[in-house]
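Here is my note on the sheets and the helices that pack on them. Please read it beside the model.

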Amino acid sequence: MPAVPSAIPVGSQFGPGLIDLPTFVSALVKHSGDKAAMERAVWGPPVRKKPVNKPPTRRRRSLPLEAAIQYGLLDNSYRATRLCRDLVDLPANELYELFARHIMLNLGGLRVVEAAQQMAADGLSVTGDSLAGYLTDQDFAVTIHNTAINSLRMWLAQAGVFPNRRGVRAWEVNPEAKAHLIGMDDNRIAALIGLTSDQRAFVEALCRIDPKGWYPAAEVRDLAEVIYGLRLDRGNLPKTFLAPLENADLIEFRTRGTAGGKTSLLRTTPEFNAQVLQPFIENAIQDLDAPLTAYYHRRPKDILADLDSKAPHIKGQALEALAIWLMRLLGLRFVAWRKRAADETAHAEVDVLLAGPVGIVPSRWQVQCKNTPSRPVKLEDVAKEVGISLVTKATIVLIFANAAVTEPARSFSQEVMKHTPLSIMILDKADLEMIVENPGRIAAVLKRESAMALRLRRHGTDWLSTN
């Protein structure tokens, strides 16, 4: 089976402990296109910080340049990139900041930083290996027992995102440095992550225009349609596109009514930085897991309020937030979302796969969150989850519903548990409201469901002696 490509740069023989970055990029620019001359330059002083005991092998000699390609400093023909040429003219502190910003916005670095924050928030030990495993489990491939993730950390440490040291606190994120580098704090990141794909298209078009002063909003929408080859909502431009960006403090706008086809006007705020925002929308946002990033710290009462929203995408986001909150309550880790077409469930359902120990026993949880107050959980809903569990290899199915549960649904789940090793737990609207009010009550609710399962007589081989 072929190896999965790394989601972050592989940087053998390329780290701040070995390489002086200012002289490294100078050498790349000076010898642009001449691989042999570059290799001679980067293996000696002043580029190489530590002397080499013996001449490197041919393979080892090329490793710093291969890393430079992965980090975007060279193209595949060993020519210096625009980034490399931009770096060479900067003083050291600005050089390290621009390089770190590039890593975070274009090379998956922000996903690594977000994951380190999530693990720390959940009380998990954060090391290079544990973080690589955490990310890989979420389908963001990072090789374990490899220098790649630690090299990336050390480059970000040069700009203050991580401490510039080894040890137990080496992965402790500095949120102020993170916000400074990417031009937005965690709240703004969450707001942008929560945008719909159409809204993101609007933001990208706005970045390309980067207007100074008041600008017709309809022209931004028109450019977005050209860029993405789609037709955006024309029913209510202020509500659909402008208000969410104003809430993120990126623009202000004013409407001029609809008479005579007048369009709303917008003006960017000082917080709007197209040079940072555009790569964030085009690249970094693709690496982030939107629900994990946007809803990780949502308050339960806010989630419950959004479940009653009239806007389908808000209700869908609330369900995702509910799943993340549930994960953290149970001390589990995220594995994957079950992708659904928006029109399949009208944003009324979300499925997530979680994993973690129950006591000392490993478990795999298949969780479905349902937001259908007018439609109870039925037998066929449970049957569908049981069928899916054959593929997900879940040991526990948890249905968490903002709805009532029919008696046939509960009876069917009991029959399944009698004849299979699968455990099924169904929490209804009353349970949800109780847990939101007092999160600690989830333990009592799950114990109730477990006790019910234990009372069932599970059929199988009779181990009792007949003698």
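**Notes on two sheets**

1. Helix H20 (residues 379–392) lies across E4, strand E5 (349–358), strand E6 (361–370), E7 and E8. H20 runs at about 140° to E6. Helices (H or I, at least four residues) and strands (E, at least two) are DSSP runs, numbered from the N terminus. Axes are lines fitted to C-alpha atoms, for helices over the stretch in contact (heavy atoms within 4.5 Å). Angles run from 0 to 180 degrees between N-to-C directions.

2. This is a predicted model, where local features need pLDDT of at least 70, side-chain atom pairs count only at pLDDT 80 or more, and totals for chains, interfaces and linings use all residues. Residues are numbered from 1 along each chain as its sequence is written, and side-chain values use heavy atoms, without hydrogens and water.

3. The sheet under H20 is open, with 5 strands in the order E4-E5-E6-E7-E8 and mixed pairing. Two strands pair if DSSP finds at least two bridges between them. Strand E4 (333–338) and strand E8 (423–427) are the edges; each has a single partner strand, so one side of each lacks a neighbour in the sheet. The twist averages 20° from one strand to the next.

4. Strand E7 (residues 396–401) and E8 run parallel, joined by 5 bridges. Val 397 stands opposite Ile 424 in E8. Helix H22 (residues 429–437) packs on this sheet, touching E7 and E8, at about 85° to E7.

5. Another open sheet has 3 strands, ordered E1-E3-E2, with antiparallel pairing. Strand E1 (215–216) and strand E2 (251–254) stand at its edges. E1 pairs with strand E3 (residues 265–268) over 2 bridges. Tyr 215 has Leu 266 in E3 as its bridge partner. Helix H14 (residues 237–247) packs on this sheet, touching E2 and E3, at about 140° to E2.
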